[in-house]
Amino acid sequence: MSGTESGALHELRVVEAELNERWPETKIEPSLDRIRALTDLLADPQRNYQVVHIGGTNGKSSVSRMVDALLTRIGLRVGRYTSPHLQLATERISVDGKPISPEAYVEAYRDIAPYVSIVDSNHDVKMSKFEVLTGMAFAAFADAPVEAAVLEVGLGGGWDATNVADAHIAVLCPIALDHADYLGTDLAGIAREKAGIIKPDSVVVLAAQTAEVQTPIMERIAEVDATVAREGNEFGVLSRTVAVGGQMLRLQGLGGVYDEVFLPLHGEHQARNAALALATVEAFFGAGAEQQLDVEAVQEAFAGVITPGRLERVRAAPAVLVDAAHNPHGARALADALSSEFSFRRLVAVISVLADKDVRGVLRELEPVVEEVVLTKNSSPRAMDPDELAALAKDIFGPDRIVVEQRLDDAVETAIQMAEETTGDSDTVSGGGVVITGSVVTAGEGRALFGKEPL
């Protein structure tokens, strides 16, 4: 590492330390007053570009990356704001498909810091870390400048800091239970809150939802006179076949059928994410029955999509996969993909979860597809103690299928040894495999163990 790089990373750590003195993303005071006050002082940078706003429970980051790739390939300069990050904070703010540099991240913070102080002094509750990060992203995109911004909702919808942007395109990924401590367990109420990103006269691109979830969303659409495109009606996956390194798709878009779309990602859920992203970009450009996007551009964009930490292979033999599943819905999608697209003779899971999640639900979804679990702890202060995790897992897996390691690196090494002992060969398809999962933090630290750079 050069001296310049070292200095930039040091400054980044200093900024992160300052931001971490604020309320974390797990502590909220639902209001748009503070972020609106900041954007007012910054002359509303979020109005300098068109916005695609992506909400829901699972799939937001993958859909965001796909939309970014499509818009970029078609010719726009794109900014993307996602959360949380896997490895480095700069991942949250991307321009031209890449995280901004540590220097640009620090500059974005220093530029808005005086205005943040003004907002803090005028409110009983200071701005949270996520609110400040959102202001940084809005300003960085205006300075770039970008032509389109893809914004991923942080938590909820209507009162999420990103919702000060008036998006013409609102995307709702599948909605399920998560963040119960903050959003509750009433699915209809959660859906109403997440539907708060739908603005008057906007276009809503809607993933397939349960009836309990769909009803309040459709009520919101009617209330603000928005237009809706629904998965399974106006767009969807017509067919998918497993291919080497991913899957081959035939997608029904708003403007017609897109054949021979190779997606280098695994799982039916990613195919559906691709259909959702395609319809989103079609809606962005006003495509419809009479106008289709350039098929070759769509094929090229999807072929180049990278979604780090989403069933990502980080080692070949034995195969080691990393996945950020952190709730039962995400764990179910992971389990489905593992069982349908891989043929491991023995699959060992390395699991570390955050204590405020539905831990039992995650374990139950994974149990049918893994032979053993190595339970451990990532670096988050919210991570569940491995022994507590083991106490919960014993009821689901039984004591003979559980190993406990206090450190993630030791857990991964143990799991690899277990996978290798089973097969005695290097067959990456039908031999032993390891999946590292349970939280975004676990996935990020798993990537780092195998030398993967932030993306």
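Biologist: How far apart do the centres of the positive and negative side chains lie in the chain?

Modeller: This is a predicted model. The chain carries 40 positive side chains. Its negative side chains number 68. The centres of the two sets are separated by 2 Å.

Biologist: What is the mean pLDDT of the chain?

Modeller: Look first at how many residues reach 70 or more: 95% of them do. Averaged over the chain, the pLDDT is 94.

Biologist: Over which residues is the pLDDT below 50?

Modeller: One stretch falls under that level, although it makes 14 contacts in the model beyond near neighbours in sequence. Where pLDDT is low, the predicted coordinates should not be read in detail. The stretch in question is residues 423-429.

Biologist: How many helices and strands does the chain have?

Modeller: Both kinds of element are present. The count is 15 helices and 17 strands.

Biologist: Why is the chain said to be as compact as a globular protein of that length?

Modeller: The globule rule gives 23 Å for 455 residues. The chain comes close to that value, so it is as compact as a globular protein of that length. Its C-alpha atoms fill a box of roughly 60 × 50 × 50 Å along the principal axes. The radius of gyration itself is 22 Å.

Biologist: What percentage of the residues is buried?

Modeller: A residue counts as buried under 20% relative accessible area. The chain has 455 residues to sort this way. The buried part makes up 56%.

Biologist: Of the contacts between residues at least 6 apart in sequence, what percentage joins residues at least 24 apart?

Modeller: Start from contacts in the chain whose partners are at least 6 apart. Then keep those whose partners are at least 24 apart. That share is 73%.

Biologist: Which peptide bond leading into P318 is cis?

Modeller: P318 sits in the loop between β12 (312-315) and β13 (319-322). The bond before it has omega near -10 degrees. It runs from A317 to P318.

Biologist: Where is P145, which also follows a cis peptide bond?

Modeller: The bond from A144 to P145 is cis, with omega near -15 degrees. P145 lies in the loop between α5 (129-143) and β5 (148-152).

Biologist: Is E260 buried or exposed?

Modeller: E260 belongs to strand β11 (residues 256-263). Its phi is near 50 degrees, a positive value in a residue other than glycine. Exposed means over 50% relative accessible area. E260 has 60% relative accessibility, so it counts as exposed.

How values were computed. Residues numbered from 1 in each chain as written. Predicted model: local features only at pLDDT ≥ 70, side-chain atom pairs only at ≥ 80, totals over all residues. Heavy atoms only, no water. pLDDT = per-residue confidence, 0-100. Contact = heavy atoms within 4.5 Å. Helix = DSSP H or I, 4+ residues; strand = E, 2+ residues; numbered from the N terminus. Rg over C-alpha atoms; globule rule 2.2 N^0.38 Å. Buried < 20%, exposed > 50% of the residue type's maximum accessible area, 1.4 Å probe, protein only. Lys, Arg positive; Asp, Glu negative; His and termini not counted. Charge placed at Lys NZ, Arg CZ, Asp CG, Glu CD.
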